[in-house]
Amino acid sequence: METATDTAIDVINPITKTRLYAIEETPEQTVAEVFDRSRKIQPSIRKLTVKQRVTEVLRIKEYIIDNRESILTRIIEETGKSRVDGFTSEVFEIIDVIDVFAKLAPKFLKNRKVPTPLVLIGKKSEIWYEPLGTILVIPPWNYPLYQALVPSIMAFLSGNAVVVKPSEVTPLKGLVEDILEKSGFMKNAIQVVYGSGVTGIRCIDARPDKIHFTGSCRTGKKIMAHAAQHLIPVDLELGGKDAAIVFDDINIERTVNGIMWGGYTTGGQSCTSVERCYVHTNIFDAFVEMLTDRSKKLRMSHAERNIEDPEDCDVGCVTTEFQLQIIEGHIADAVAKGAKVLCGGSREAGTHHFPPTVIVGVDHSMEIMTEETFGPVIPVMRFETEEEAIALANDSVYGLGGSVWSKDIKRARRAASAIKTGNLSINNHMLNEGNPNLPFGGIKNSGFGRYKGEAGLLTFSNAKSVLVDADGSNIDPNWYPFTKGKYKLLSGIVDYLFSDKKRNWLKFALVGLKIDSIGKKEKLN
Ligand code: NAD
């Protein structure tokens with residue numbers, strides 16, 4: 001264990017509440033040096049073909065596959081996740097994303113030819129996807145490795161250098177560097193700096209070419225405001241308050257299991273957790289009874305956990321003390337307003353271990369139904385009609401994810417399309433994130449921009465639009481001098497080509513012939 005200094009930020013193991021180590025803010029000078037190295041290496045990344053970049057990234061994949069158990073143990077020590085949660089949502093996901101993008105990146109980043117309209121006959125049009133430069137990646141504490149590596153890998157595949165500033169809560173100090181160095185990945189292409197928001201601001205002031213931020217809405221606003229001073233573009237992946245709508249024709253057992261996983265995975269600390277559950281009145285009592293019964297049977301986190309054993313814990317602990325206080329605050333507010341806790345409801349005294357919690361008697365006057373709770377808590381509310389369920393789901397400032405559960409796929413699709421979010425699963429929850437081919441991102445207060453999918457790769461590119469014309473004697477009809485003759489011909493195009501009423505192919509062909517040569521006749525001598 002290291003010795004703390006005045007400015008040190010302690011990193012805590014939430015399972016045992018012991019101090020693991022401390023980090024310091026990265027000084028301005030060091031941040032400047034890191035960005036300097038980044039700018040020096042970037043032209044070499046740009047020169048690599050996309051296939052060569054893929055080869056680099058595949059080294060990371062192989063290294064993670066070979067060292068997944070030790071990597072996972074590091075993640076659990078800082079986050080308190082259950083082993084299976086950590087495996088599926090961090091290690092497995094990173095490997096899957098690399099595997100999929102090794103094939104997709106060369107396809108998506110290829111220069112594209114696009115059609116050139118008839119009026120620009122003889123010219124060619126193309127889109128070239130070029131790197132932006134250096135990308136600053138700022139991840140949150142809940143998926144520390146996944147959120148650090150996935151956007152960084154996307155940015156690198158697009159030809160950029162990357163600087164990552166991990167969360168001070170779960171910095172995984174040295175882990176990303178180890179993975180990069182020991183896998184033989186290109187040196188300095190992805191660098192890491194440590195610290196809190198103070199270091200984050202220093203990184204923004206070092207003027208990256210784009211910021212990819214994942215975190216809270218509050219911090220997202222601050223980052224956007226600061227980035228605006230330098231006109232740096234930002235992608236903001238922010239929080240959510242995802243609704244799950246359960247209709248009365250579902251298989252109750254399957255859906256209860258799905259909702260429990262959606263609500264409790266990673267201790268409920270997922271941006272797309274089930275944060276609100278609306279259940280049709282016909283099955284409400286049976287559903288709640290089974291949800292409560294099954295929730296009580298889950299093995300919760302405890303201080304003596306054997307973190308190497310995947311069976312020792314189903315629901316991991318809450319990573320931070322401040323998050324526990326938010327969860328407790330939301331439950332207290334709901335109970336004070338008449339809600340009833342059916343199981344769980346309070347932490348094991350003096351620890352971060354919080355049992356899976358089911359609450360009923362909730363409504364939208366309560367924080368638990370409107371603010372991000374971010375804990376293993378499922379508030380369940382009754383609805384009678386499809387319209388009512390949709391209105392409740394849309395009654396939120398957030399728009400990240402959500403789910404609709406019904407055997408009637410037509411109805412499920414209809415409801416899914418009426419819910420205002422960036423992502424939605426039918427008869428599952430947050431599984432969109434399990435498919436790297438799908439774009440992921442939010443609307444409303446959940447942010448903007450997409451990562452993964454085609455949009456998530458191209459977000460790190462400058463889509464340069466290129467028009468190629470031929471040299472020769474032609475002088476374009478819209479070039480100087482402007483004459484009545486040219487104007488008449490250009491006007492003729494509008495009538496004979498574009499107007500539904502006056503379209504006339506013969507007249508358009510005649511105009512076309514004249515327009516081709518008018519530049520030669522009516523030109524500046
Ligand atoms: P946070 O906003 O507190 O911190 C996120 C990151 O921003 C950290 O690295 C932090 O050090 C840094 N930071 C803080 N202040 C800063 C500043 N002024 N300038 C620059 N950087 C600054 O978020 P968190 O508590 O770590 O993460 C939890 C939140 O993240 C939740 O709201 C969750 O829903 C959200 N989240 C969203 C997604 C998504 O994809 N939409 C995924 C995971 C988590």
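Helix H7 gives 3 residues to the shell around the ligand, the largest share from any element. This is a predicted model.

**The ligand and its shell**

Three elements each give two or more residues to this shell: helix H7 (197-205), strand E8 (210-214) and helix H8 (217-229). The shell has 28 residues around the ligand. Those that come nearest are Lys165, Glu168, Ser216, Thr219 and Glu372. What kinds of residue make up the shell? It divides into 13 nonpolar, 11 polar and 4 charged residues.

The space taken by the ligand is the largest pocket.

**Polar contacts with the ligand**

Oxygen atoms of the ligand face polar atoms of the protein in the pairs below.

| Residue | Protein atom | Ligand atom | Distance |
|---|---|---|---|
| Glu372 | N or O atom in the side chain | oxygen | 2.5 Å |
| Trp141 | polar side-chain atom | oxygen | 2.8 Å |
| Gly215 | polar backbone atom | oxygen | 3.3 Å |

Glu372 thus appears twice: it is among the residues that come nearest to the ligand, and its side chain places an N or O atom 2.5 Å from a ligand oxygen. Gly215 uses a backbone atom, whereas Trp141 uses a side-chain atom.

How much of the ligand does the protein bury? Taken alone, the ligand exposes 850 Å². The protein buries 92% of that.

**An open sheet of 7 strands**

Now to the strands. An open sheet is built from 7 strands, in the order E12-E13-E14-E11-E10-E16-E17. Its pairing is mixed. Which strands stand at the edges? They are strand E12 (340-343) and strand E17 (425-426). Each has a single partner strand, so one side of each is left without a neighbour in the sheet.

At the E12 edge, the partner is strand E13 (residues 357-360). The two strands pair in the antiparallel sense over 3 bridges. Within this pair, Val341 stands opposite Ile359 in E13.

**Strand E4 and its partners**

Strand E4 (residues 124-131) pairs with strand E3 (residues 112-114). They run antiparallel, and 3 bridges join them. Here Arg112 has Ile127 in E4 as its bridge partner.

E4 also pairs with strand E20 (residues 461-468). How many bridges join E4 to E20? There are 8, and these strands run antiparallel. One bridge can be followed by residue: Trp128 has Lys464 in E20 as its partner.

Definitions and conventions
Residues numbered from 1 in each chain as written. Predicted model: local features only at pLDDT ≥ 70, side-chain atom pairs only at ≥ 80, totals over all residues. Heavy atoms only, no water. Near = heavy atom within 4 Å. Polar contact = N/O pair within 3.5 Å; in protein donor to acceptor, adjacent residues only side chain to side chain. Areas by Shrake-Rupley, 256 points an atom, 1.4 Å probe, with all protein chains shown as cover. 1 Å grid on protein atoms, 1.4 Å probe; cavity = no way out; pocket = protein on both sides within 12 Å on 5 of 7 lines; lining within 4 Å. Sits in = over half its atoms within 2 Å of the grid points. Helix = DSSP H or I, 4+ residues; strand = E, 2+ residues; numbered from the N terminus. Nonpolar A, V, L, I, M, F, W, Y, C, P; charged D, E, K, R; others polar. Pairing = 2+ DSSP bridges.
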